Structure formats: C-alpha cells, structure tokens
Amino acid sequence: MTEKHLSKTVRILIASPSDVEQERDIAERVISRLKITCKDDLRLVLEAGRWEFDVPALMGKPAQVLINERLVDQCDCAVCIFWTRIGTRTDVAEGGAVEELERMLKAGKPVLLYF
C-alpha cells in the first residue's frame with residue numbers, strides 16, 4: 001500500500017451534560033457526514049466518541065474515571081456543548097463534561113466549545 005492510500009483516524013470526543021442530547025446527536029451526524037468527505041479528500045477517518053455508546057458498564061472505579069480512561073484519553077480533540085446545565089459533579093470538577101474539557105486542554109488537545 002502506498003502512502004497515498006494511508007489514512008489517519010481522528011477520534012472526536014463529544015462532551016456535554018444531559019440537557020443537550022439533541023445537540024450531541026447532531027454533532028455525531030455532522031461528524032459522520034464529514035467522514036465521507038475527509039476520507040477521500042484529506043485521507044482522514046473521523047470517529048465520534050460518546051460516553052453512552054463507547055464506554056462499557058464496568059465496576060470498580062468511579063464512572064468518570066472509566067470515561068476518562070476508556071474514551072477521553074483516547075480522543076484527539078473534543079467538541080464540548082453546554083446549555084443550561086454544567087453536569088454532575090465529579091471528584092475533580094463541577095461536572096463530567098467540564099472535567100473532560102479540562103483534561104483535553106491539559107493534554108494539549110484541540111477543543112471546540114459551544115454554548
């Protein structure tokens with residue numbers, strides 16, 4: 001396989017509290033549509049990551065720790081969406097989505113923030 005055919009997978013975290021479920025669905029659909037264009041033109045494969053679909057139900061650790069390990073840390077960038085809620089408090093932040101946002105920024109990963 002030549003370099004021309006190689007593609008890079010970019011995992012995009014969709015982070016938000018529960019009051020913007022429709023917006024999370026829209027973001028995932030947009031990423032899926034962009035995937036078609038980027039695959040051919042830019043040789044990028046885009047994958048949306050959402051805790052409710054991509055993190056298995058496990059025991060032994062707090063939920064946000066599992067989300068961070070299984071999803072947040074594996075993503076290359078994030079789309080964070082907020083409206084009227086900040087989310088459920090975690091051990092280190094006012095809400096899970098806030099913790100995810102701060103974790104991505106601390107890792108030097110790009111974040112798009114929407115209100």
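This passage describes the confidence, nonpolar cores, helix α3, salt bridges and a surface patch of one predicted protein model.

The model is predicted, and for that reason local features are reported at a pLDDT of at least 70 and side-chain atom pairs at pLDDT 80 or more, while totals for chains, interfaces and linings use all residues. Residues are numbered from 1 along each chain as its sequence is written, and side-chain values use heavy atoms, with hydrogens and water left out. The mean pLDDT (the predictor's confidence in each residue, from 0 to 100) of the chain is 89, and 96% of its residues reach 70 or more. Among the helices (DSSP runs of H or I with at least four residues) and strands (runs of E with at least two), both numbered from the N terminus, confidence is lowest in α1, at a mean of 86, and highest in β3, at 97. Where pLDDT is low, the predicted coordinates should not be read in detail.

In soluble globular proteins, nonpolar side chains tend to be buried together. A nonpolar core is here a set of buried Ala, Val, Leu, Ile, Met, Phe, Trp, Tyr and Cys residues joined through side-chain atoms within 4.5 Å, where buried means under 20% relative accessible area, exposed means over 50%, and partly exposed lies in between (1.4 Å probe, protein chains only). The largest nonpolar core holds 16 residues, of which L13, C80 and M104 touch the most other members. Strand β1 (8-15), helix α3, strand β3 (77-81) and helix α4 each supply at least two residues of this core, and the largest share, four residues, comes from α4. When residues up to four places away in sequence are not counted, C80 is in contact (heavy atoms within 4.5 Å) with A15, L101, V111, L112, L113 and Y114.

A second, separate core consists of twelve residues, including V10, V20, L46 and V79. Of these, L46 lies in strand β2, which spans residues 44-49, and counts as buried because its relative accessibility is 7%. With residues up to four places away in sequence again left out, L46 touches V10, I12, I31, L34, K35 and C38. By contrast with these contacts, L46 and R70 are 24 residues apart in sequence and 18 Å apart in space, C-alpha to C-alpha.

Helix α3 comprises residues 63-70, and Q64, L66, I67 and N68 are buried in this helix. The cover over the buried residues of α3 includes α2 (51-54) and α4 (96-106). For I67, which is placed in α3, the relative accessible area is 11%, so this residue is buried. Its contacts, not counting residues up to four places away in sequence, are W51, V55, V72 and E100. Between I67 and A57, which are ten residues apart in sequence, the C-alpha to C-alpha distance is 9.9 Å.

The structure holds eight salt bridges, each defined as a side-chain nitrogen of Lys or Arg within 4 Å of a carboxyl oxygen of Asp or Glu. In one of them, E47 is paired with R11, and the closest N and O atoms are 3.5 Å apart; because E47 lies in strand β2 and R11 in strand β1, this pair ties together parts that are 36 residues apart in sequence. R11 also forms a salt bridge with D54, the closest N and O atoms being 3.9 Å apart, and since D54 lies in helix α2 and R11 in strand β1, the parts tied together are 43 residues apart in sequence. Both acidic partners of R11 are partly exposed, E47 with a relative accessible area of 31% and D54 with one of 32%.

A further salt bridge joins D25 and R50, whose closest N and O atoms are 2.8 Å apart. This pair links distant parts of the chain, with D25 in helix α1 and R50 in the loop between β2 and α2, 25 residues apart. D25 counts as partly exposed at 28% relative accessibility, whereas R50 counts as buried at 2%. Together with R24, E28 and E52, the residues D25 and R50 are linked in a network of salt bridges.

At the surface, I26, V30 and L34 make a nonpolar patch of about 240 Å². Patches are made of residues with over 30% relative accessible area and no salt bridge, with like charges joined within 9 Å and nonpolar side chains (Val, Leu, Ile, Met, Phe, Trp, Tyr) within 5 Å, and accessible areas come from the Shrake-Rupley method with a 1.4 Å probe, with only the protein chains shown counting as cover for residues. I26 lies in helix α1, residues 21-41, and is partly exposed, with a relative accessible area of 43%.
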